[in-house]
Amino acid sequence: MNHLRLLATIAIFVLLAACASGPRPGSAPTINPTEQAVKAYRIGVDDVIRVSVWQNPDLDVTVPVRPDGMISVPLVGDVTAGGRTPEEVSAEIKSRLEAYVRNPQVTVIVDELRSHEYLARVRVTGAVRTPISVPYRQGMTVLDAVLAAGGTNEFAAADRTELYRKDGDSTRAYPVRLDRILQKGDLETNYPVQPGDVITVPERTF
C-alpha cells in the first residue's frame, strides 16, 4: 500500500512539473476581429484629408491633419477632424458652408491613413538583428514579424520568446517556442498576430 502511495505521489509531482514547464492547454492567443477590422475609421493626426464641394471646385482642398487635430477649409476656417469620422467632419463643413453656399454637397475622404498606419503595427524587440515596428498585414504570423526583423541574433534565447497582447485593460504574455519554429519547422506556437502585438526575444544568460 505504501508503495502504491509513493508511486501516486511521484506521478502527481511529474504531472505538476509538466504543466508548469510548458504552455497550458488553451493558452494560445486568440485573434480579436475588432482589432483587425475598423468599422468606423476615426481620423488621426497626420492623416491626409480631401474635402470636395460639389460644383464648387474653388472650395476643394487636400490637407494633412495638424497636431492640434484641425484642418483648414476655405470660407469655413479651422474644423476639428482628429478623433472624428469623415461623415462627422463632412456634416460640420456642410453646416458651416450653408452661410455662403446654397445647399452645399460636401464629401470628405481620407486620402492617406498615416495615423492608422502607426497604430496598426506589430513590434519586435530584444535579441533580433534589427528591432522594428512593422505595419500589420492580414495573415501575418510571429515568424513573419521575426523574419522582418532580420531573425534572431547570436545572443538570443529564442525558445523563451514571448508574445504580448492587450486583453482589455491588461496585457497577457504567451510563450513562443521560436527556436523550434526556426530550426525544426514546428509551427505550433507560430501564432497569428494582430495590431498592437509586441514580440520580445530575450538574450541568453551566460
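**Exercise 1. Strand E1 and its partners**

Task: In this predicted model, which sense of pairing links strand E1 to strand E2, and over how many bridges?

Solution: Let's start with the ranges. Strand E1 covers residues 48–53, and strand E2 covers residues 61–64. The two pair in the antiparallel sense, with 4 bridges between them. For a concrete residue pair, pick Arg-50: its bridge partner in E2 is Thr-62.

Now look at strand E5, residues 106–112. E1 pairs with E5 too, again in the antiparallel sense, over 6 bridges. Arg-50 is a handy marker here as well, since it stands opposite Ile-109 in E5. Put together, Arg-50 has Thr-62 as its bridge partner in E2 and faces Ile-109 in E5.

**Exercise 2. Strand E6 and its partners**

Task: Which strand runs parallel to E6, and which strand pairs with E6 in the antiparallel sense?

Solution: Take the antiparallel case to begin with. E6 (residues 121–126) pairs that way with E7 (residues 132–135), and 4 bridges hold the pairing. Arg-123 can serve as a check, as its bridge partner in E7 is Ser-133. The connection from E6 to E7 is a hairpin of 5 residues.

Next comes the parallel case. Strand E10, residues 198–201, runs parallel to E6 and is joined to it by 4 bridges. Here the residue to inspect is Val-124, whose bridge partner in E10 is Ile-199.

**Exercise 3. The setting of Ile-93**

Task: Is Ile-93 buried or exposed, and which residues does Ile-93 touch beyond four places away in sequence?

Solution: Begin by placing the residue: Ile-93 belongs to helix H3, residues 86–97. Its relative accessible area is 0%, so Ile-93 counts as buried, the cut-off being under 20%.

Then list the contacts. Leaving out residues up to four places away in sequence, Ile-93 touches Val-51, Val-73, Val-76, Val-79, Val-106 and Val-108. Val-76 gives a distance you can verify: it is 17 residues from Ile-93 along the chain, yet their C-alpha atoms are separated by 7.1 Å.

**Exercise 4. Two positive phi angles**

Task: What is the phi of Asp-46, what is the phi of Asn-103, and where do Asp-46 and Asn-103 lie?

Solution: Recall the general expectation: residues other than glycine mostly have a negative phi. Asp-46 is not a glycine, but its phi is positive, at about 85°. Asp-46 sits in the loop between helix H2 (33–36) and E1. With a relative accessibility of 38%, Asp-46 is partly exposed.

Asn-103 also has a positive phi, about 45°, without being a glycine. The loop between H3 and E5 contains Asn-103. The relative accessible area of Asn-103 is 53%, so this residue counts as exposed, the cut-off being over 50%.

**Exercise 5. The whole chain**

Task: How many helices and strands does the protein have, and what share of the residues counts as buried?

Solution: The protein contains 6 helices and 10 strands. Of its 206 residues, 35% are buried. The exposed area is about 12,600 Å², with 55% of it supplied by carbon and sulfur atoms.

For the contacts, consider those between residues at least 6 apart in sequence: 53% of them join residues at least 24 apart.

Finish with confidence. The average pLDDT is 86, and 83% of the residues score at least 70. Residues 10–26 have a pLDDT below 50, and this stretch has 5 contacts in the model beyond near neighbours in sequence.

Key:
Residues numbered from 1 in each chain as written. Predicted model: local features only at pLDDT ≥ 70, side-chain atom pairs only at ≥ 80, totals over all residues. Heavy atoms only, no water. pLDDT = per-residue confidence, 0-100. Contact = heavy atoms within 4.5 Å. Buried < 20%, exposed > 50% of the residue type's maximum accessible area, 1.4 Å probe, protein only. Areas by Shrake-Rupley, 256 points an atom, 1.4 Å probe, with all protein chains shown as cover. Pairing = 2+ DSSP bridges.
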